[in-house]
Amino acid sequence: MIIGITGNSGSGKTSISRLLGTVPMRQNVAKGTHLYADIINADEVVKEMSMPGTTYYEKIIKAFGEDILLQSGEIDKPKLADIIFKDNEKRDVLNSLTFKYIVEEIKTRANLSKSEIVIIDAPLLIESKLNEICDVVISVIADENIKLKRICARDNIDKNTALNRIKAQPKNEFYIKNSDLVVENNNESDLIKAIEEIKKWLKRGQSPF
C-alpha cells in the first residue's frame, strides 16, 4: 500500500510522515508482528540526486547557469529557491526537471520497497502526478502564521521571503479538492491528533487496510 502525504511548505507534513513511520500501522495477523511504513522523502531524494556528477545536477546547471553553485561545486539551494519563488517560469523549468528525474526515482524506490506500507512525503505529490500511484492521499494544512514561523526558523530566512514562498504555492482548497483526507497541524496537540485521525481513518475500511 502506498500512502501519499503532501502540503505547503511549513505545514509539517514531514513531521507527520516521520511519526507515521515510527508507529505500527497495522498488525500482521498471520505472523503476530506489527507492520511499519517505509518512508520516501522527496526532499531527501532531491538532495541525493542534485549532487555533482548526477544527470539531474547537470540539467539544473544547464538551465540556471553556474551562478547558482557554491565554491564546493554544490548547488546553492537557498539561492536557487530564491530564484524560482520570484519567477514562475523558472519555477516551472525546475519543476519539469524534478518531475522527470525525481519522480521516476521515487517510483523506482516505491516499487523496490520490501515494506507492505510505503509513505511518499512530497510537496509536489499532486502536481507531479505521484498521487496516481498512491492508494491514499493525505494533505496537511496549517495556519499561514504558523507556516511562516516554521519556514523562517527552518530555512533561516526573513518573514517576507517566507511569505513569498507561501504565496507561490497552492491554497488549502487545492489540497482539500485533491485528497482523500486532510489534517490540520498547527501545534503538537494537532500533530498527535492528526496521527490518530489518519490511523483511525485507514482502519475504518476506507483503504486497503
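## A walk along helix H5 and beyond

Let us start with the inward-facing side of one helix: in H5, the buried residues are Arg-91, Leu-94, Asn-95, Leu-97, Thr-98, Tyr-101, Ile-102, Val-103, Ile-106 and Ala-110. Keep in mind as you look that this is a predicted model. The spacing of such a list is easier to read with the helical repeat in mind: an α-helix has 3.6 residues a turn, so residues three or four places apart point the same way.

What do these buried residues pack against? Their partners are strands S1 (2–7), S4 (38–41) and S5 (118–121), together with helices H2 (42–49), H3 (55–64) and H4 (77–84).

Now follow H5 from end to end. The helix covers residues 88–112, 25 residues in all, and its first and last C-alpha atoms lie 34 Å apart. That is close to the 36 Å expected at 1.5 Å a residue. Along the way you will find a kink of about 35 degrees, centred on Phe-99. At the N-terminal end, Asp-87 acts as the cap of H5, with a side-chain oxygen placed 3.0 Å from the backbone nitrogen of Glu-89.

One residue of H5 leads us on to the aromatic rings. The model holds two aromatic pairs. In one of them, the ring centres of Tyr-56 and Tyr-101 are 6.4 Å apart and the planes meet at 50 degrees, so this pair is tilted. Because Tyr-56 sits in helix H3 and Tyr-101 in helix H5, the pair ties together parts that are 45 residues apart in sequence. Are these two tyrosines buried or exposed? Tyr-56 has a relative accessibility of 3% and counts as buried; Tyr-101 is buried as well, at 17%, since the cut-off for buried is under 20%.

The other pair is formed by Phe-174 and Tyr-175, whose ring centres are 5.3 Å apart; with planes at 80 degrees, the pair is edge-to-face. Phe-174 is partly exposed at 26% relative accessibility, whereas Tyr-175 is buried at 1%.

Tyr-175 also takes us to a loop. Its side chain makes a polar contact of 3.0 Å with the side chain of Asn-8, a residue in the loop between S1 and H1. Asn-8 is buried, with 3% relative accessibility. Leaving aside residues up to four places away in sequence, Asn-8 touches Lys-13, Val-140, Lys-147, Gln-169, Pro-170, Asn-172 and Tyr-175.

Ser-9 lies in the loop between S1 and helix H1 (13–22) and is buried too, at 13% relative accessibility. Which side chain does Ser-9 join in a polar contact of 2.8 Å? The partner is Arg-154. With residues up to four places away again left out, Ser-9 touches Lys-147, Ile-151, Arg-154 and Gln-169.

Finally, step back to the whole chain. It contains nine helices and seven strands, and its C-alpha trace spans about 55 × 35 × 30 Å along the principal axes. The radius of gyration is 18 Å, in agreement with the value near 17 Å for a compact globule of 209 residues. Of those 209 residues, 44% count as buried. Contacts over long stretches of sequence are part of the picture: among those between residues at least 6 apart, 67% join residues at least 24 apart. The pairing of Tyr-56 with Tyr-101, 45 residues apart in sequence, is a good place to look for such a link.

Technical notes. Residues are numbered from 1 along each chain as its sequence is written. This is a predicted model: local features need pLDDT of at least 70, side-chain atom pairs count only at pLDDT 80 or more; totals for chains, interfaces and linings use all residues. Side-chain values use heavy atoms; hydrogens and water are left out. Helices (H or I, at least four residues) and strands (E, at least two) are DSSP runs, numbered from the N terminus. The expected span of a helix is 1.5 Å times one less than its number of residues. The bend at a residue is the angle between axes fitted to the seven residues ending there and the seven starting there. Buried means under 20% relative accessible area, exposed over 50%, partly exposed in between (1.4 Å probe, protein chains only). Contact means heavy atoms within 4.5 Å. A polar contact is a pair of N or O atoms within 3.5 Å; within protein, one must be able to donate a hydrogen and the other to accept it, and residues adjacent in sequence count only if both atoms are side-chain atoms. Rings of Phe, Tyr and Trp (its six-membered ring) pair if their centres lie within 6.5 Å; planes under 30 degrees apart count as stacked, over 60 as edge-to-face and the rest as tilted. The radius of gyration is taken over C-alpha atoms; the globule rule is 2.2 Å times the number of residues to the power 0.38.
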